[in-house]
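Let's take a walk through this model and look at how its strands and side chains meet. Have the sequence and the 3D view open as you read.

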Amino acid sequence: MEKLSLNKIRDLFLGFYESKEHYRRQSFSLIPEKDKSLLIINSGMAPLKPYFSGLETPPSKRMTTCQKCIRTGDIENVGYTSRHGTFFEMLGSFSFGDYFKNESLTWGWEFITEVLHMPTDKLWVTVYQDDDQAYDIWKDVIGIPEERIVRLGKGDNFWEIGTGPCGPCSEIYYDRGEKYGCDNPDCKPGCECDRYVEFWNHVFTQFNKDEEGNYTDLAHPNIDTGMGLERLACIMQGVESIFDIDTIQYILQGVVRVSGVKYRGGEAPTDVSIRIITDHLRSMTFMIGDGILPGNEGREYVLRRLIRRAARHGRMLGIEGAFLSELCDKVIDVSGKAYPELEKRRIMIRKVVSVEEEKFASTIDQGMKIINGYLEEMAESKETVISGEKAFKLHDTYGFPIDLTKEIIEESGYNVDIEGFEREMKAQKERSQVEQDMEGTGWEEATADFVFEGDTVFTGYDHMVEHSLVKAMFWDKKPLKEVHEGETCRIALDKTPFYAESGGQTCDTGLVYNDNGVAEVLEVKKLQNIFVHKIIVRKGVVKLGDKVECMPHAPTRNMTSANHTATHLLHKALRETLGEHVKQAGSSVTKDGLRFDFNHFQAMTDQELETVEDIVNDKISHFLHVNTEVMSAKDAFKEGAMALFGEKYGDVVRVVSVGSYSKELCGGTHVSNSGQIGAFKILNEAGVASGVRRIEAVTGLGILRKYDEDESLINSTAEALKSKRELMADKSTALQDEIKALKKELEELKSAEMNKGLGNLVDEAEEINGIRLISKKFDDYNINDLRSLSDKIKEENKNIAMVFATVSGEKITFLVSLTDDLVGKGLHAGKLIKEIAAAAGGGGGGKADMAQAGAKDTSKVEEALNKAKELLAQ
């Protein structure tokens, strides 16, 4: 049996099934496209569910793939066993109602014996206990001796998940030899020992299971086979661990080089850390390559957890500074040919990992100090569980994923109150939830009894004036027949030119009128397919059944449309400048400007913002034709139209194209030519959530308004500085220099006064329990001044404990400092300050010789200082 590389095995498998007329498809993305039940692709058949269920037509009745997969359900085993990994590749061959068991098994046998040249005497197979057809194919058609065909029960060789398609399966095993076996003379596949390794499963989906548990034959049975590439490579390369196969070993040696730690392949903690980092490097590289960015929820959280877990194990190996981003290159080196998206996004992958490492590095040391403090407290109090509140603080303040906290705590023999943590998380979400209020009730509730037969026809794409019929009239859950001057209600029309708020675009406003009355349209919402207009009658009366003229306010519509088209140009320009991982995460389009949220892992640089702005203005100045087209969703995606990820679209969609530059699915209103936007100016770029950035911008007249605002600000600032506009910068610099000089002079005076009274402080020290205590309150002193004072006292004195408090406004800062001889006797400043600060409603900690804490109750300063006396007396 030839020793084959992992990449060679993959090519041989896919090439073999191509020769059997299978469509060879590139791996699907790790992000499930249409399966909301799945967080991330975790098997070879997962992306093919629409084909197996009949919801979609496959490109061919025969397919073969090598699918990238992520599984983190047993992440705690990764690094500790030879077979567990969070990332793996799954080889698969599939038939959608075409061939069945005979071809599946005979072709499988042909591949492993004639292509891979596995010795036939090492191969065993299992079949479902009642599947005589599969048994006979193995025995009579392929010729495997009966003693190497094992019948197993439903738990081992029957595939089903609840109700629906299901069926028996047949698995192929490799015999590793007697030395891996057990004492059972009847040892064979199905035994719990390590001798027989299952490496290929052939699932025969031939039944449908109903709610009563009955099985009926499918009209068109399917084939779904899956073979783990890494496990197969272990067999072909004669190694026992996935970490010893060629591609993974290449990555692992990179970790060894960076860490300077020798890898022995055993169970030592350093070996475990090296394997964990190696595995997680594969996962993070492939996930980012598919556009997943670190975050706090869903698959984004999975990625953050993997990166931060790997970073922590790097620290445990003694690696200083960031190192993961560099090692991602190792993954791309060995996998980039098979997965070209990795090579294409190499720079982005490294940057995302680097940024996440830096974020975690800024908090990990402080977070570990907090954890170690918790562990010390539990050891002293003999508690065994860290509270959910404390675990949440580590998550919320120091960026420790709960799984990482749990892992660290459990390594020390303690547990975490996960239920308590989840309660804290839920409470935080409830606190941060933004309540949307519409007239004291939700819109859906307020219109719950709105009765209107049929749908509203929207004509506003093509018409700014419409002749309509008032079909329904309603207010406060009551139907109305007429509304008089000064009164408000909601009406539904048979057709309307008023755009209803949706897709991030604000609604139209305007007038509804006839000879009997005039009403102002204040807002428009969609209730299913009914456009509901909120109106206030300005003159006369509006009645149910009236024929009315409808006229949206043209300037508002035009400016809103310009801003909406600008968001499309902005979206495209961001993808060009930052990378294809950029996806819209939300937007708001009004007449006054636009707000665009997008996925990105760091703040944009000034150069990037300038580039994006220049691109958008360039497309505006080219006066590109804006075309809208209604087509099938399938055709739209074929033409490369951008869609909002996660949005549901019908069979027919509206596509908006700006020249040949931008093409998006969109139901909003737009200008007919990019030149009508006028100009585009970015006002601000900032982060709004983990991995989400926000750009605020204006166009056209909005830029002029912004210019006027800035002019007014400049004039008022010049007046305040008593300076001419052109001299404002110089005047500001001069004032700053003057302020710095005054601050320095003030600090020097404070220091002199403090040093002058230094001797008095020592002389006035109060002796408690054989220890001299200096306790004093200062007003508006810097904590560094107090540190300096304590250091000077400690230089010339022993047996002194200092407890200082400085009050600035509503804030108190405490400092506890101990001379070395007191530390040697067992006193601990960090422990003392916790109780002292607590007396004033605060908290903090620190080292044995010096610690500081904050508090807010300024009325309790003296009480806190007295607490120090109590503690020393004890």
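Strand β32, residues 811–818, is mostly covered, with seven of its eight residues buried. This is a predicted model, so keep that in mind throughout. Which strands does β32 pair with? Strand β31 (residues 800–808) is joined to β32 by eight bridges, and the two run antiparallel. If you want a spot to check on screen, look at V803, whose bridge partner in β32 is V816. The hairpin of β31 and β32 has two residues between the strands, and G809 there takes a positive phi near 65 degrees. Strand β34 (residues 850–855) also pairs with β32, again in the antiparallel sense, over six bridges. Here the residue to click on is F814, which has A853 as its bridge partner in β34.

Now for the charged side chains. Side chains of opposite charge can pair when their charged atoms come close. How many salt bridges does the structure hold? The count is 50. Three of the pairs are set out below.

| Salt bridge | Closest N to O distance |
|---|---|
| D290 and K68 | 3.1 Å |
| D186 and K188 | 3.7 Å |
| R350 and D329 | 2.6 Å |

Start with D290 and K68, whose closest N and O atoms are 3.1 Å apart. This pair links distant parts of the chain: D290 is in the loop between α8 (269–289) and α9 (298–316), while K68 is in strand β2 (residues 62–70), 222 residues apart. Are these two buried or exposed? D290 has 12% relative accessibility, so it counts as buried. K68 has a relative accessible area of 1%, so it is buried as well.

The salt bridge of D186 with K188 has another setting. D186 counts as partly exposed because its relative accessibility is 48%. K188, at 29%, also counts as partly exposed.

Then there's R350 and D329, which meet at 2.6 Å, N to O. R350 lies in helix α12 (residues 346–381) and D329 in helix α10 (residues 324–335), so the salt bridge ties together parts that are 21 residues apart in sequence. R350 is partly exposed, with a relative accessible area of 32%, whereas D329 is buried at 16% relative accessibility. Shared partners extend the picture, as salt bridges join D329, D333, E343, R346 and R350 into one network.

On to the rings. A pair of aromatic rings is described by the distance of the centres and the angle of the planes. The count here comes to 26 aromatic pairs. Take Y99 and W107: their ring centres are 4.9 Å apart and their planes stand at 75 degrees, so this pair is edge-to-face. Y99 is buried at 4% relative accessibility, and W107 is buried with a relative accessible area of 14%.

F111 and W200 make another edge-to-face pair, because their planes are at 85 degrees, with the ring centres 6.2 Å apart. Like the D290 pair, these rings link distant parts of the chain. F111 is in helix α3 (residues 101–115) and W200 is in strand β8 (residues 196–209), 89 residues apart. F111 counts as buried at 0% relative accessibility, and W200 also counts as buried at 0%. These two rings belong to a cluster, in which ring pairs link F13, F16, Y17, F111 and W200.

Charges also sit over rings in this model. R176 has its charged end over the ring of Y180, 3.8 Å from the centre of that ring. K776 lies over the face of F778, at 5.6 Å from the ring centre.

What about the cysteines? The disulfide count comes to zero. C66 is in no disulfide, and its nearest cysteine sulfur, that of C69, is 8.4 Å away. C66 counts as buried, at 4% relative accessibility. Why is C550 without a bond to C489? The closest cysteine sulfur to that of C550 is the one in C489, and it is 13 Å away, so it is too far for a bond. C550 is buried too, with a relative accessible area of 0%.

Methods. Residues numbered from 1 in each chain as written. Predicted model: local features only at pLDDT ≥ 70, side-chain atom pairs only at ≥ 80, totals over all residues. Heavy atoms only, no water. Salt bridge = Lys/Arg side-chain N within 4 Å of Asp/Glu carboxyl O. Helix = DSSP H or I, 4+ residues; strand = E, 2+ residues; numbered from the N terminus. Buried < 20%, exposed > 50% of the residue type's maximum accessible area, 1.4 Å probe, protein only. Phe/Tyr/Trp six-rings, centres within 6.5 Å; stacked < 30°, edge-to-face > 60°. Lys NZ or Arg CZ within 6 Å of the ring centre and 35° of its normal. Disulfide = S-S within 2.5 Å. Pairing = 2+ DSSP bridges.
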